[in-house]
Amino acid sequence: NSEIVDILDKPAIVSHLPEIDSDALAKDFLLPVGTKISHYEIKDHIGSGGMGNVYAAQQKYPAQRMVGLKLLKNKPNQKLLMSETQILAKLNHPNIATLYEIDKTNEGQFFIAMELIEGENIFNWCKTHNYSIKQVIHLFQQLCSGINFAHEQNIIHCDIKPNNVLVTDIDGKATIKIIDFGISQFDDQRESYHEISGTPAYLAPEVLSNKTQDLPDVRRDIYALGVLLKKLLPLTLAFDLQAILDKAMAYDKSHRYSSVKDFNDDLNRYLSCLLYTSPSPRDATLS
């Protein structure tokens, strides 16, 4: 299909589910429960945005399961959907939400069926479960594993933040699931895009500067990971752990970790040191 090929050649870099006001949402057309799309049946509406709606749906075949069904409203948004789909198709990892299928409705609307994640964002999960610093870091390392895998596939997430990092219980284990690759970029195509995209609190300085001679790379994700981990931990930390955060969030990207693996390796070294030292009360539990 030449239409799909053309769309896939240009990854999206604008947010595909931006916040919208309640009036706009009220005017948005929602499919009623029981509506059938291909071999899926709508069970619940779980999210809305400028691109369209996301539903929980029951898949009938080839597998009986609940899925997240993202249905787009118009042609431009379908292009963003196809871009996200191209990225997700390359990301088969236990800590990344799985893409099941992409198809069209009878009316020609693109939709994707994805793994339905039932859980909380990482911030709420750690707070609700009163995680210790050690538990937070262990959980965070699953996030590192997923993002590192994406980087190995030449993909920059570009919007790492709590709401895009869900935690769900799988066989009694807290498991990270990374979602929303809608504004992700392929690293080897980033010179074609200069727009600022992402969530302000997690944007690296070089993204905000938007200078073509200092194009953001995988280190924008490393910066966001550092910010996220900092928000998950107490204000006062052991010197070694603070130094790790400072390096991840360095203003000059050349002073940051060059890879998520290097960041994660330092976290492992920190955890190893805890085995041979008696942590202070601030290191033992979250305040």
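Which residue does Lys36 meet in a salt bridge through its side chain? A few notes on this predicted model, starting with that pair.

1. **Lys36 and its partner.** The answer is Glu41: the two side chains meet in a salt bridge, with N to O at 3.8 Å. The two ends sit in contrasting surroundings. Lys36 has 61% relative accessibility, so it counts as exposed, whereas Glu41 has a relative accessible area of 14% and is therefore buried.

2. **Glu115 and Lys177.** Here is another salt bridge, between the side chains of Glu115 and Lys177, at 3.1 Å from N to O. It links distant parts of the chain: Glu115 belongs to strand β6 (residues 110-115), Lys177 to strand β10 (residues 173-178), and 62 residues separate them. Are these two buried or exposed? Both Glu115 and Lys177 are buried.

3. **Lys261 and Asp265.** This salt bridge has its closest N and O atoms 2.9 Å apart. The two residues are 4 apart in helix α9 (residues 260-274), so about one helical turn separates them. Lys261 is partly exposed, at 49% relative accessibility, and Asp265 is also partly exposed, with a relative accessible area of 23%.

4. **The wider salt-bridge picture.** Back to the pair in point 1: Lys36 and Glu41 are joined with Lys43 and Lys60 into one network, through salt bridges that share partners. Over the whole structure, the search turns up 10 salt bridges.

5. **Around β6.** The strand that carries Glu115 is mostly covered, with 6 of its 6 residues buried. Strand β4 (residues 65-72) runs antiparallel to β6 and is joined to it by 5 bridges; on that side, Val67 stands opposite Glu115. Strand β5 (residues 99-104) is antiparallel to β6 too, again with 5 bridges, and Lys104 has Phe110 of β6 as its bridge partner. In the hairpin of β5 and β6 there are 5 residues between the strands, and Gly108 takes a positive phi near 95°.

6. **The sheet with β10.** Lys177's strand is part of something else: an open sheet of 3 strands in the order β7-β9-β10, paired antiparallel. β7 (120-121) and β10 are the edge strands, each with a single partner, so one side of each has no neighbour in the sheet. How many bridges hold β7 to strand β9 (residues 165-170)? The count is 2, in the antiparallel sense, and Asn121 has Leu166 in β9 as its bridge partner. Helix α5 (residues 133-152) lies across β9 and β10, and runs at about 35° to β10.

7. **Confidence.** The chain has an average pLDDT of 80, and 75% of the residues score at least 70. Which elements mark the two ends of the range in mean pLDDT? Helix α8 (residues 239-248) has the highest value, 98, and helix α1 (residues 2-8) the lowest, 34. Over residues 1-27 pLDDT stays under 50, though the model has 49 contacts for this stretch beyond four places in sequence. Where pLDDT is low, the predicted coordinates should not be read in detail.

Conventions: Residues are numbered from 1 along each chain as its sequence is written. Side-chain values use heavy atoms; hydrogens and water are left out. A salt bridge is a side-chain nitrogen of Lys or Arg within 4 Å of a carboxyl oxygen of Asp or Glu. Buried means under 20% relative accessible area, exposed over 50%, partly exposed in between (1.4 Å probe, protein chains only). pLDDT is the predictor's confidence in each residue, from 0 to 100. Contact means heavy atoms within 4.5 Å. Two strands pair if DSSP finds at least two bridges between them. Axes are lines fitted to C-alpha atoms, for helices over the stretch in contact, and angles run from 0 to 180 degrees between N-to-C directions.
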